[in-house]
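This report goes through selected local features of one protein model. The sequence and coordinates come first.

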Amino acid sequence: QVQLVESGGGLVQAGGSLRLSCTASGRTLRVYHMGWFRQAPGKERKFVAAISSSGDSTYYADSVKGRFTISRNNAKNTVYLEMNSLKPEDTAVYYCAQAVGGNLTIGQNYLYWGQGTQVTVSS
């Protein structure tokens, strides 16, 4: 079984930055497309960013484009989400997930999910 472990969440002021990390075990990371989703209190889970298995392609929600950067280091079995210019509306639990194909903006196409890490942005 694949297990994803997330880290890097915390409390920051608006305009600040955080870097989230997601490390996979159980299978080599290079065969998976990877994505980040987030869920704010009282709202549905939403797509944030994704990266292809090779790292050649990246995808971003319009709300984070230009502020967030997804990257991966397959040798370390790790995917990162660099978050800059954070806004209060970025406050959510952030989830890392793995997919083998399909539309990477849709959560149901992801097979494995981490437990999530809380990101809180104060105003």
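The text below treats a central strand and its partners, then a pocket, then residues in loops. The model is predicted.

**Strand E4 and its pairings**

Strand E4 covers residues 33-39. Six of its seven residues are buried, so E4 is largely enclosed by the rest of the structure; buried here means under 20% relative accessible area. E4 pairs with E9 as well as with E5. With E9 it runs antiparallel, and seven bridges join the two. The pairing of E4 with E5 is also antiparallel, with five bridges.

Arginine 38 has a partner on each of these strands: tyrosine 94 is its bridge partner in E9, and lysine 46 stands opposite arginine 38 in E5. E4 and E5 form a hairpin with six residues between the strands. Glycine 42, in this hairpin, takes a positive phi near 75 degrees.

**The largest pocket**

The largest pocket holds about 170 Å³ of space. It is lined by 13 residues, and the closest to its centre are Arg38, Lys43, Lys46, Glu89 and Asp90. Arg38 and Lys46 are thus found again here, having appeared above as residues opposite each other in E4 and E5. By class, the lining has eight charged residues, three polar ones and two nonpolar ones.

**Positive phi outside glycine**

Two residues have a positive phi although neither is a glycine. The table gives their values.

| Residue | Phi | Loop | Relative accessible area |
|---|---|---|---|
| Asparagine 77 | about 55 degrees | between E7 (68-73) and E8 (78-83) | 23% |
| Serine 85 | about 50 degrees | between E8 and E9 (92-99) | 42% |

Asparagine 77 is partly exposed, because its 23% falls between the 20% and 50% limits. Serine 85, at 42%, counts as partly exposed too.

**Serine 52**

Is serine 52, a loop residue, buried or exposed? Serine 52 is buried, because its relative accessible area is 9% and the limit is 20%. The loop in question lies between strand E5 (46-51) and strand E6 (58-60).

A polar atom of the serine 52 side chain lies 3.2 Å from the backbone nitrogen of aspartate 56. Leaving aside residues up to four places away in sequence, serine 52 touches Tyr32, His33, Ser57 and Arg72. Of these contacts, His33 belongs to strand E4, which spans residues 33-39, and Arg72 to strand E7, which spans 68-73.

Technical notes:
Residues numbered from 1 in each chain as written. Predicted model: local features only at pLDDT ≥ 70, side-chain atom pairs only at ≥ 80, totals over all residues. Heavy atoms only, no water. Helix = DSSP H or I, 4+ residues; strand = E, 2+ residues; numbered from the N terminus. Buried < 20%, exposed > 50% of the residue type's maximum accessible area, 1.4 Å probe, protein only. 1 Å grid on protein atoms, 1.4 Å probe; cavity = no way out; pocket = protein on both sides within 12 Å on 5 of 7 lines; lining within 4 Å. Points joined across faces, edges and corners; volume = space filled by probe spheres on them. Nonpolar A, V, L, I, M, F, W, Y, C, P; charged D, E, K, R; others polar. Polar contact = N/O pair within 3.5 Å; in protein donor to acceptor, adjacent residues only side chain to side chain. Contact = heavy atoms within 4.5 Å. Pairing = 2+ DSSP bridges.
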